[in-house]
Amino acid sequence: MSFSRALKEKTKKIWEDGYNHPFVQGLGSGNLDKESFKFYLIQDYIYLLEYAKVFAKGAIKAKSEFLMAKFTEAQYGILCNEMSLHREYMKEYGINAEEVEEAKQSLFNRAYTSNMMAVAETGDVTEILAVVFPCAWTYHDYATRLKEQYKDNLEGNFYRSWIESYAGDEFKESFDWFYDEIDRQCKNKTEEELIRLEEIFEMGVQMEYLFWDMAYKQKMSY
């Protein structure tokens, strides 16, 4: 197994805890409290704005036209595709732009995005890929599994579009290049540098779990 694909196995417990979290399972069953999802929508909207900046930093640090294009494409996908799904759900809730602009970022959200930005500022392109990878990979993996697990009950599920969007090929293709690019760049990494990449990735998976938990409990801070 390549270095990039082995990252999931190294974080297996927290990865599976995330999938089995009542927020994620509630998306699949359709029984998630809509107030928890509303809380998630606003906080994730704020998160995505910061997430997109990390890709912008990747484009700045990239040394090849290929990577510049890939980071830029990913940023475009976040701002123009992924966030459009959030906007559609916000319409369902009657959430207007002013409400989102006035919303405060939760402590958990800030910890997650601050960690990503710190890596983006001080790390190289490989570290930037490692820090953004958990969000994309867990979302696709969880949505794909939810779609299969709850396939007989998706009709009428309020969260169906969320599941199908993140389980879809278009979303998968937006980050599919991460695997080979990380593996390519890791060929010349020292053991210490590889451990650092694993730590960055594991931290991201942990942050993903905390984000689900924050949204489920609608908590702004401890």
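Analyst: A charge sits over a ring if NZ of Lys or CZ of Arg is within 6 Å of the ring centre and within 35 degrees of the ring normal. In this predicted model, local features need pLDDT of at least 70 and side-chain atom pairs 80 or more, while totals for chains, interfaces and linings use all residues. Residues are numbered from 1 along each chain as its sequence is written, and side-chain values use heavy atoms, without hydrogens and water.

User: What makes lysine 34 count as sitting over the ring of phenylalanine 158?

Analyst: Its charged end is 4.0 Å from the ring centre. That is within the 6 Å limit. Arginine 145 lies over the face of tyrosine 19, also at 4.0 Å from the ring centre.

User: Why is the pair of phenylalanine 37 and tyrosine 89 called edge-to-face?

Analyst: There are 43 aromatic pairs by the rule used (ring centres of Phe, Tyr or the six-membered ring of Trp within 6.5 Å; planes under 30 degrees apart are stacked, over 60 edge-to-face, the rest tilted). Here the centres are 4.9 Å apart and the planes meet at 75 degrees. The angle is over 60, so the pair is edge-to-face.

User: How do you know that this pair links distant parts of the chain?

Analyst: Phenylalanine 37 is in helix α4 (residues 34-61) and tyrosine 89 in helix α5 (residues 65-93), 52 residues apart. Helices are DSSP runs of H or I, at least four residues, numbered from the N terminus.

User: What makes phenylalanine 37 and phenylalanine 158 a pair, and of which kind?

Analyst: Their ring centres are 6.4 Å apart and their planes stand at 80 degrees, so this pair is edge-to-face. Phenylalanine 158 lies in the loop between α8 (125-149) and α9 (160-167), so the pair ties together parts 121 residues apart in sequence.

User: How do you know whether phenylalanine 37 and phenylalanine 158 are buried or exposed?

Analyst: Phenylalanine 37 has 0% relative accessible area, so it is buried (under 20%; exposed is over 50%, partly exposed in between; 1.4 Å probe, protein chains only). Phenylalanine 158 stands at 23%, so it is partly exposed.

User: Why is leucine 107 called partly exposed?

Analyst: Leucine 107 has 43% relative accessibility, so it falls in the middle class. This residue lies in helix α7 (residues 107-122).

User: What makes glutamine 218 stand out in its phi?

Analyst: Glutamine 218 has a positive phi of about 55 degrees and is not a glycine. Most residues other than glycine have a negative phi. Glutamine 218 is in the segment after α12 (191-217). Its relative accessible area is 34%, so it is partly exposed.

Definitions and conventions. Helix = DSSP H or I, 4+ residues; strand = E, 2+ residues; numbered from the N terminus.
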